[in-house]
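Good morning, everyone, and thank you for making time for this. I would like to walk you through one protein model, taking its cysteines, one of its sheets and its core in turn.

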Amino acid sequence: MFKQDLIDHANRLGSWSLDEDCCWWKGVVCDNVIGHVLELHLRNPQPVTDDYDSAAEFEAIERSKLRGKINPSLLKLKHLSYLDLSNNGFGGIPIPKFLGSIENLRYLNLSYAGYGVLVPHQHGNLSSLQYLNLYTDYADNLYVANLQWLSGLSLLEHLDLGNVNLVKASNWLQVLNTLPCLKNLYLSSCQLPQFPPPININLSSLAILDLSANSFENPLVFSWISHLTNLVSLDLRENDFEGCIFDGLKNMTSLRHLDLSFNSFNSSIPDWLYNLNSLQFLNLGSNNLQGNELEGKIPRSMGNLCNLKSILYSGVNLSQDISVILEILSGCVSEQLDLLDLSSCQLFGQLTNQLGNFRVLKELYLSGNSISGPIPLFIEELSSLRVLEIDQNKLEGHLPEPFARLANLEILNISNNLLGGVVSEIHFYNLSKLKTLHASSNPLSLKFNPDWIPPFDLESLGLRSLDAGVDIWTAIDSAIDLSFNNFSGQLPQVSSNVSILDLSNNSFSESLYPLLCSKLKETMGTIFLNLGENFLSGEIPDCWMNWQNLVILKLDNNRLTGSIPSSMGTLHSLLLLHLQKN
């Protein structure tokens, strides 16, 4: 009966046959001796993500979701202690109340399962429960009338109510204060109401606390958090805190993860922050902070935080020489640092050879500063680097050939600098993992061997305002901006997966046909197509049937003639059409 009420398009439960012992069914775990069913693992095996590589991937994930409903026959499994229904698609129906009657349940995961409306208070009957995850999608509108039912879960260690609407739970902290075993608490984006905290905080076991995106502005929140001296992770990003960073955090010496980003703190960074020697992750980005209180810069004491793996200071007004920062961090910090984000920090000076000390660095963001001078040859020492964003600076000189040795590089952005000279295949011969290449607005000249086959399959390419004389269309699979260049001849053929194509302000001539009509058997994924300001001629071809995703189409300032073809009337998503000056 349980299987009959489920819709299983991907046949995930194909092994659930009455001819087989249920302990052999996929997703079922039984006691090895007695044979009782102990666990049901029905989590969607396909990962849920906001970034799908293709429509086919999205369709596969949706198809693999279980739908329908959970049958009450589940109650016959008297020894069931583990139930995971996460990442499925139950279509916004209520969470079954009878789940609160599975007496031996210790683990319940309904995250992203597609349940909606009111969270049943019957969950409070699960007195053996240690793990509860109800993290939901906003669209499912999951909410609670109150949280009083939680007080019956005295053994609970892990609670995740992310995106569940708790605006009516005015006593949320008082109730949580009755859970002595609670170790991990996730209340992100819950619209938590603010009120004076209880006098005595009993959450001494709490190690992870996530209160991000709740629009907190009252500093009273900090007053009770400061009593949680055993915390190892504190996430308060995306709130409305302002003024100074609360001094009460200085006693939380066990912290390994601290995220205060996307608030409105507008003071100096306190010195005590650099005494939290256990820190591995520190994010102060997107605030109005202005550097260290005494020096107005990153102090040398930061070089003593030898456990740091991630530093995110984007938007912090440091006004500091980048070479000094590299010197400060080039000791023990450089030995395990894998992410450094100092974008838009008003940095100046030059990149020095000390950059080569950061051999395990995977992501480096220095965009939007005033860093000058050449890119050092020691860049090749960063063999683990996956992301390098140094755009919108004043870097000059040639692109060093050792770039080709960054074999793990996936994203490279050097746009809006003063880099010059010739770039050829020798700079890219080993970059097989490269997905994004942006080099717009540099006095660079691209000179590639016409027989060269790129080793990468790009998803995004930006070469705006370059001397770009190379055919690399087949190496691009998502977004192309090659506007304001010197391309000429007929239009190229591109992948049907390209979503953005901007070839405006070039010297393309001849017909639109090679681009528009070469793949009539495929549906083009392009939503933005700009071919304006070229020398294209002839009539507009009548083959728009496979361009149904177009939202913006610009063909202005060319030499096109004739009438508008009838197939253009099938572009139902089109919002903007430019045909003037033809």
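What follows is a short tour of this model, which is a predicted one.

Let me begin with the cysteines, and with a general reminder that a disulfide is a covalent bond between the sulfur atoms of two cysteines. How many disulfides does the structure hold? There are 3 of them, and if we number the bonded cysteines in sequence order, the pairing reads 1-2, 3-4, 5-6.

One disulfide joins Cys23 to Cys30, with an S to S distance of 2.1 Å, and because the torsion about that S-S bond is about -100°, this disulfide is left-handed. Its two ends sit differently with respect to the surface, since Cys23 is partly exposed, at a relative accessible area of 23%, whereas Cys30 is buried, at 12%.

Another disulfide is formed by Cys306 and Cys332, whose sulfur atoms are 2.0 Å apart, and this link is also left-handed, with -75° about the S-S bond. The pair connects distant parts of the chain, with Cys306 in the loop between β15 and β16 and Cys332 in the loop between α4 and β17, 26 residues apart.

Then there are Cys517 and Cys543, with sulfur atoms 1.7 Å apart, and here the torsion is about -45°, so this disulfide is left-handed as well. Cys517 lies in the loop between α5 and β32, while Cys543 lies in the loop between β33 and β34, so the pair ties together parts that are 26 residues apart in sequence. Both Cys517 and Cys543 are buried.

Why does Cys345 not bond with Cys244? The closest cysteine sulfur to that of Cys345 is the one in Cys244, and at 20 Å it is too far for a bond.

Strand β33 brings us to the sheet, an open one in which 4 strands follow the order β29-β31-β33-β35 with parallel pairing. The edge strands are β29 and β35, each of which pairs on one side only. Strand β33 is joined to β31 by 2 bridges, where Glu510 stands opposite Leu536, and to β35 by 3 bridges, where Glu539 stands opposite Thr561.

Finally, the core: among the 165 residues of the largest nonpolar core, Ile225 and Tyr313 touch the most other members. Helix α4 contributes the largest share of this core, 5 residues. Setting aside residues up to four places away in sequence, Ile225 touches several leucines, including Leu209 and Leu249, and also Met252.

Terms used: Residues are numbered from 1 along each chain as its sequence is written. This is a predicted model: local features need pLDDT of at least 70, side-chain atom pairs count only at pLDDT 80 or more; totals for chains, interfaces and linings use all residues. Side-chain values use heavy atoms; hydrogens and water are left out. A nonpolar core is a set of buried Ala, Val, Leu, Ile, Met, Phe, Trp, Tyr and Cys residues joined through side-chain atoms within 4.5 Å. Buried means under 20% relative accessible area, exposed over 50%, partly exposed in between (1.4 Å probe, protein chains only). Contact means heavy atoms within 4.5 Å. Two strands pair if DSSP finds at least two bridges between them. A disulfide is a pair of cysteine sulfur atoms within 2.5 Å.
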